[in-house]
Amino acid sequence: MVVRAVVFDIGGVLEITPKMDFDQRWEKRLGFAPGEIGGRMADVWAAGAVGTITEDDVHRAVRERLGLSEQQVDELMADMWKQYLGVANTDLIEYARALRSRCRTGILSNSFVGAREREQATYGFEDLVDEIVYSHEVGMCKPDPWIYELTCARLGVSPEEMVFLDDVEVAVDAASRAGIHAVLYRDNDQAIGEIEALLATD
């Protein structure tokens with residue numbers, strides 16, 4: 001079947017992201033035990049990923065659960081977002097931009113409340129692709145099979161007509177089980193080569 005859409009993950013793919021260790025640095029700064037911030041904030045991080053809380057709720061929980069001042073909350077969240085956003089994978093972004101003249105393009109990302117606004121301001125993803133599916137906006141995360149079905153529906157393609165690129169194996173495996181042509185990202189040359197090979201089978 002003809003491939004009519006190519007969809008990209010963000011973190012570790014369109015963005016080059018460091019290990020998310022902001023919480024470890026803040027644990028040292030605050031005198032907390034290793035893993036304590038994650039323990040206190042686990043349900044908040046999870047809720048932010050599926051959009052059941054607002055950014056204000058997140059800030060309030062950080063302040064109350066970690067005993068921080070407003071300034072400290074702002075500093076901690078700024079550290080989090082700096083790591084979350086990473087830096088642009090420029091070559092792959094330009095490849096995605098060029099693909100738009102050849103097929104439908106999209107983004108499918110496990111995300112966090114506030115991500116769309118920050119990634120648009122930093123990278124302009126809304127202008128890069130035809131559709132963006134953020135987990136915090138649709139209430140489910142990869143590898144939930146429904147999020148792949150939703151992505152196909154928004155792009156107007158069947159699973160067999162879509163290629164999906166992600167750096168997380170469980171997300172790639174779930175996409176493959178959904179009938180999508182799934183590519184595990186390792187580096188730009190490998191990823192682009194595999195996508196091009198699938199497009200060439202049209």
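**A buried glutamate and two helix pairs**

Glu161 is buried in this predicted model, with a relative accessible area of 13%. For orientation, the cut-off for calling a residue buried is under 20%. Glu161 belongs to the loop that runs between helix 8 (145-155) and strand 6 (162-166). Leaving aside residues up to four places away in sequence, Glu161 touches Met1, Val2, Val3, Arg4 and Ala5. Its side chain also has a polar partner: a polar atom of the Glu161 side chain lies 2.8 Å from the backbone nitrogen of Ser158.

We can turn next to helix 1, which spans residues 22-30. Within helix 1, the buried residues are Phe22, Asp23, Trp26 and Glu27. Viewed down the axis of helix 1, these buried residues fall within an arc of 135°, so they line one face of the helix. Helix 2 (36-49) and helix 4 (70-85) are among the elements that cover them. Just after helix 1 comes Gly31, whose phi is positive, at about 80°.

The pairing of helix 1 with helix 4 can be described in more detail. Their axes are 9 Å apart, and the two helices pack at an angle of about 150°. Angles over 145 degrees count as roughly antiparallel, and helix 1 and helix 4 are therefore roughly antiparallel to each other. The crossing of helix 1 past helix 4 is right-handed. On the helix 1 side, the contact involves Phe22, Arg25, Trp26, Arg29 and Leu30; on the helix 4 side, Gln72, Glu75, Leu76, Asp79, Met80 and Gln83 take part. Phe22 and Trp26 thus appear both among the buried residues of helix 1 and in its contact with helix 4.

Helix 5 (residues 90-99) offers a second case, with Leu92, Ile93, Tyr95, Ala96 and Leu99 as its buried residues. They cover an arc of only 160° around the axis, and therefore sit on the same side of helix 5. Their cover includes strand 1 (5-8), strand 3 (87-88), strand 4 (104-109) and strand 6, along with helix 10 (188-199).

With helix 10, helix 5 packs at an angle of about 20°, the axes being 10 Å apart. Helix 5 and helix 10 are therefore roughly parallel to each other, and helix 5 passes helix 10 in a right-handed crossing. Asp91, Leu92, Tyr95 and Leu99 of helix 5 meet Asn188, Ile192, Ile195, Glu196 and Leu199 of helix 10. Leu92, Tyr95 and Leu99 are listed as buried in helix 5 and also take part in this contact.

Methods: Residues numbered from 1 in each chain as written. Predicted model: local features only at pLDDT ≥ 70, side-chain atom pairs only at ≥ 80, totals over all residues. Heavy atoms only, no water. Buried < 20%, exposed > 50% of the residue type's maximum accessible area, 1.4 Å probe, protein only. Helix = DSSP H or I, 4+ residues; strand = E, 2+ residues; numbered from the N terminus. Arc of directions from axis to C-beta. Contact = heavy atoms within 4.5 Å. Polar contact = N/O pair within 3.5 Å; in protein donor to acceptor, adjacent residues only side chain to side chain. Axes fitted to C-alpha atoms, helices over the stretch in contact; angles between N-to-C directions. Parallel < 35°, antiparallel > 145°, perpendicular 65-115°, else oblique. Left-handed = near helix turned anticlockwise from the far one by under 90°.
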